[in-house]
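This report is a guided reading for someone meeting the structure for the first time. It begins with a single residue and then moves on to sheets, cores and the contact between chains.

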Amino acid sequence: MISRLPLKTIRRLLLPTAALCLLLGSARAQQQPVEFPAPERLAVSDDPEDLAGRQLVVKWHKPAAADAVTGYRLGGYLVYVGESREGAELSPAQVVPDPQKTETLLSGLLPSKSYIVQVGALYIPEQVTGELIDLNAVAYLRNQGAVEAKSARSGPISPVGALFDPKKTNVLIATMVYCAIVLLAIYFAQRGEMYIRPIPGLEAVNDAIGRATEMGRPILYVSGLSGITDIATIAAMLILGHLAKRTAAYETSIIVPCNDPLVLTAEREIVHQAYIEAGKPEAYEPENIFYVTDSQFGYAAAVDGIMMRERPAANFFMGMFYAESLILAETGNRTGAIQIAGTDADTQLPFFITACDYTLMGEELYAAGAYLSRNPLLVAQLKGQDIGKVLLAAALVVGTALATLSAYLGPDIVKAFLSWFQI
Amino acid sequence: MPEPSGITEILGIPTDIIGLWVAALLTLAIYSFLYGDNPVYKFAEHLFVGVSAAYGAAIVYHQALVPKLVQPLSAGLIQPLLAGNPAAIVWSKATLLIPGMLGLLIFGRFFRGYQWLSRWPIAFVMGLGAGLSIPRSIQSLILEQMHGTMQPVWPLTGGGFDNLLLIVGVVCTLAYFYFSLPHRGVMRWLSRIGIWFLMIGFGAGFGNTVMARISLLIGRIEFLLYEWLPTIGIHLGGPGIG
């Protein structure tokens, strides 16, 4: 029948039909769903740098056809994490806004739990200007038509902690060498008495107690403004024990205002024990060791008031001090009390040196316990510390000589030596 | 325009003016100590101590006790209790229960015959502090410092002289802190040089800190002159004005 139609008519029919076919084909092509490729080859491993066992390293590959998705751009990745147990859901934990970045660290995890991880690639419509900045932006972008393609899940995996940090092997060796020196010193200390050079600040302790006893006035003891874990506070409490034993013998009262509740509790115990050892338990007055406040300047104001009203004959400032050091020492100086200070706070030492009669500088404070008690164990520790100092000084001289001669010795030898002191 | 919430006036006086007056009067009260101990200073001192102690207690309660112990401890407590499984609570909350119990032991001080209980938490905290600080001190105060000190001392120009001063200062200062040998002969000279280094360092530190303290004093004086005095109609000009 078609063959009977004239050629002109056929042409007239063919052209619209072809156009119609093209149009339908195009529409059909538009209806086909766009495919959003997901991140590939997701790998989750423990972070070897994380010794606490709180982190996992998540790595993936950028979707191969990510740039070929028509009408969308890859805006970044969402990292999901969830516990590996029945019914547990994965929740978004982190956003990676850079589409070129394919690695991240998942932190805040627990070594006792195992986790499942998944990564989603977020495709943002090209006409949307928003960026995947953080987790809050995800909901907005989804509302704007952003589509996510998630990878396969990876896991279960647990972050693994480590008890030993190989980078700090030198710290371990130095600690062990130091401990060995102190233990050896204690061993040899049992064979004879050890010498300690006179420390003027500690020589004056007896004078201060004597003065307070003669004047019938109390002694004020301030053990710093640091907590009980501070070495300076521990040293201050050791000195307090010896001081309290001597004041107990003379029945001279000792006032100890505290700014830390734990220090207060410990100091009451120490002073009580000292009074018992001095054979004067009945003379112990717990109300003389009291809590003031943990506020730095509130405490300074209160101690200043105590100094002005109680007029102690001797003031002891031992331990860790901050900006209140001069306020305390200056007020004590004004009352005419004999003042002995000791601290390892190098910024406060100048104030104590100028305003106090005697000052124990840095390590002299730590040596005070051994000096006052002459306890063989403590004296031996002091000897051990001294040997440690000799070794340090020798190492410093050798290291400096090596560093100076590095041009002749070659930089590798010097580097090897110096790197031992670096973490 | 909506009214801002909160009290803005007391007896017709704006609260910021009241705050300014309280701060100014308390500043003057504390400075009155320069004259000597007096009732005004005593009042300011007791107010300061009382407010700071109470504030400290409130901070500890709201920022430590409740969010770090009470809330995590009470979360998820009901279900195991209803299920009759208290052991589950103990296991799951052990990291909170142990420090909580240690804290409670401090209250042993209040009970005659049980005061020894308070020694346990103190021993724990002291041991922990000492244990943590030993490796940290060896790392940061010894090894790292030594690494920084061991520098070439030749040629003397280009930092060599500074490095020489550094090593001489460190070794001599270490000699000063050597306790178990009499400071005679070489040790005497070494320790004497060491104390000179220390005193030069302290002098520099003293000057630096005094400058900072003077700036604090200037801040207080400026507050009194340029913020407080204008509220009673005295305008001296200066910073903060116009």
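B:Gly207 is found in helix H8 of chain B, and the model that places it there is a predicted one. Since an exposed residue is one with 12 or fewer other C-beta atoms within 10 Å of its own, B:Gly207, which has 10 such neighbours, counts as exposed. The distance from B:Gly207 to B:Leu81, taken from C-alpha to C-alpha, is 64 Å in space, while the two residues are 126 places apart in sequence.

Another helix of chain B gives a simple check on geometry. Helix H5 of chain B, residues 94–105, has 12 residues that should span 16 Å at 1.5 Å a residue, and its end C-alpha atoms are indeed 16 Å apart, which agrees. Of those 12 residues the number buried is 0, so H5(B) lies largely in the open.

**Where the chains meet**

The contact between the chains involves 52 residues of chain B and 56 residues of chain A. On the side of chain B that touches chain A, the elements giving two or more residues are helix H2 (39–74), helix H6 (119–149), helix H7 (156–176) and helix H8 (186–228) of chain B, and H6(B) gives the most, with 18 residues. Helix H8, where B:Gly207 is found, is thus one of the contributors to this side of chain B.

**Chain A: domains and sheets**

Chain A is divided into domain 1, covering 40–157, and domain 2, covering 197–373. The C-alpha centres of these two domains of chain A lie 58 Å apart. Two open sheets of chain A are set out below.

| Sheet order (chain A) | Strands | Pairing | Average twist from one strand to the next |
|---|---|---|---|
| E1-E2-E5 | 3 strands | antiparallel | 20° |
| E11-E10-E9-E12-E13-E14 | 6 strands | parallel | 15° |

In the sheet of 3 strands, strand E1 (40–46) and strand E5 (103–106) of chain A stand at the edges with a single partner strand each, so one side of each has no neighbour in the sheet. Strand E2 of chain A, residues 56–61, pairs with E5(A) in the antiparallel sense over 4 bridges, and in this strand E5(A) the bridge partner of A:Lys59 is A:Glu103.

In the sheet of 6 strands, the edges are strand E11 (289–291) and strand E14 (358–361) of chain A, each of which has a single partner strand and so is left without a neighbour on one side. Strand E10 of chain A, residues 254–258, is joined to E11(A) by 3 bridges, and the two run parallel; A:Cys258 stands opposite A:Tyr291, which belongs to E11(A).

**Nonpolar cores**

Which residues have the most contacts inside the largest nonpolar core? They are A:Tyr221 and A:Phe316, in a core that has 103 residues. Helix H5 of chain A, residues 231–250, supplies the largest share of this core, namely 11 residues. Once neighbours within four places in sequence are left aside, A:Phe316 is in contact with A:Ile219, A:Leu220, A:Tyr221, A:Val222, A:Leu243 and A:Ile340. Apart from this core lies another, of 26 residues, among them A:Val44, A:Trp60, A:Tyr72 and A:Leu78.

How values were computed:
Residues numbered from 1 in each chain as written. Chains lettered and ligands numbered in written order. Predicted model: local features only at pLDDT ≥ 70, side-chain atom pairs only at ≥ 80, totals over all residues. Core = buried A, V, L, I, M, F, W, Y, C linked by C-beta atoms within 7 Å. Buried ≥ 20, exposed ≤ 12 C-beta atoms within 10 Å, placed from the backbone. Contact = placed C-beta atoms within 7 Å. Domains from an automatic or database assignment. Pairing = 2+ DSSP bridges. Axes fitted to C-alpha atoms, helices over the stretch in contact; angles between N-to-C directions. Expected span 1.5 Å × (residues − 1).
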